[in-house]
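Hi everyone, thanks for coming. Let me put the structure up on the screen, and then we can walk through it together.

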There are 2 protein chains.
Amino acid sequence: MPRVTDEYRAARRDEILTAAMRAFQRGGFHATSMADIIAESGLSAGAIYGHFEGKHAIIQSVALQVIGSRVGDLERAMARDPMPAPPGLVRVLTDGLVRDVGNASLLVQLWGEAVADDDIRALVYGVFTRLEAAWGAYLARWQERQHGASPAEAAAIATNQLPLYLAAAQGFILQSALMPRFDREKYLAAVEAHLPQ
Amino acid sequence: MPRVTDEYRAARRDEILTAAMRAFQRGGFHATSMADIIAESGLSAGAIYGHFEGKHAIIQSVALQVIGSRVGDLERAMARDPMPAPPGLVRVLTDGLVRDVGNASLLVQLWGEAVADDDIRALVYGVFTRLEAAWGAYLARWQERQHGASPAEAAAIATNQLPLYLAAAQGFILQSALMPRFDREKYLAAVEAHLPQ
DNA sequence: GTCTATACCAGGATAGAC
DNA sequence: GTCTATCCTGGTATAGAC
């Protein structure tokens, strides 16, 4: 019998994680100290270390949440019937991002972090691989259904289009995080107008 | 009269910068300590600090070099006559990157760093703004020359296409840095096949 | 200008009381 | 589980000799 309920523990963990996300969004992973996270959460050092092994574990958990939800959003959208047109997937991804995280800067930080941190890199690799597989399958299915392509043709077309669709999603994330006057609707309109169906 | 020639100083600076770039590429800005840079350069702490105020200054200089050269490449390509087709600019940018830096991971790190570091952010903002202006002007000129669009039409089309071209360049950089089986030629072929002319 | 040795401190993590 | 107070390491930067 645990001394407190699992729900309580989970809620506290989440509280800490949310505070950490806010702090990281402002200052970045490294410039944000444990003291900052402690202050942001309104708790104390002891409370934090009761729920996380350390700063590294917090970063990991934040990463998993931010990046994992993106993949989940996509896979769900891909399973919908009728299928949304491929450019719609870019919108799904970015909607989910705004809803859960507020902005894309955490994701951009994660990409940068993947260079230095093996765990984050593994996470990012894994996500990119899943994204590639799911999006590729989606594009192929779209070709078959909408254009009556044979499976072989459809696969070839999908493979060809895939890197650009990934780039469209990545470009959105990067530009929304780092371009001063980014216009979300203008971007999505360009995707819809120019990327191949 | 300086005690050593300016050429000597510049060469040393460059030597240190190159060593730092190698180290940063492997381990990231933060996980790389001054001790690592010192070891990588084969010099000593005293030597390094004789040329740079500190680690921050080194990062700044690396950033300026990596990111500044990219913009230079593009602006030069854009001034060429006859104009390369717009997708060719993506190739120019990535060629320069490979030539100067070897891989794109430093650039991805810089993007992540822009969240936390005001100086880096200002640098990245500035570059994105120049890129936007130059590439936008280029796309407009291309529309006028190749398709006989009026200046107003050309400007509208360019504004519409611009975010996708930026995304194509950004996607290349990100995917080449973080996707295990990235295929450069496949990517560029997709850009050439699908992005609007 | 460059070297070695070292001062100094930020900040992650722990101890022990409650 | 949470708090406050504190320890201690890693890492930046400097001092002083050459």
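His51(A) has a side-chain N or O atom 2.7 Å from a phosphate oxygen of DNA strand D. Ser44(A) does likewise, with a side-chain N or O atom 2.3 Å from a phosphate oxygen of that strand. From chain B, Met34(B) uses a backbone N or O atom, 2.7 Å from a phosphate oxygen of strand D.

A word on the source: this is a predicted model, where local features need pLDDT of at least 70 and side-chain atom pairs count only at pLDDT 80 or more, while totals for chains, interfaces and linings use all residues. Residues are numbered from 1 along each chain as its sequence is written, chains are lettered from A and ligands numbered from 1 in the order written, and side-chain values use heavy atoms, leaving out hydrogens and water.

Back to the DNA. Of the strand D atoms within 4 Å of the protein, 71% belong to sugar or phosphate and the rest to bases. H3(A) brings the largest share of the surface near strand D, four residues; near means a residue heavy atom within 4 Å.

Now, how many residues of chain B are in contact with chain A? There are 41, meeting 41 residues of chain A, with contact meaning heavy atoms within 4.5 Å. About 3,500 Å² is buried between the two chains, 74% of it from carbon and sulfur atoms; that is accessible area (1.4 Å probe) lost on being put together, summed over both parts. On the chain B side, Val115(B), Leu178(B) and His194(B) lose the most area to chain A, together 18% of what that side buries.

Definitions and conventions
A polar contact is a pair of N or O atoms within 3.5 Å; within protein, one must be able to donate a hydrogen and the other to accept it, and residues adjacent in sequence count only if both atoms are side-chain atoms. Helices (H or I, at least four residues) and strands (E, at least two) are DSSP runs, numbered from the N terminus.
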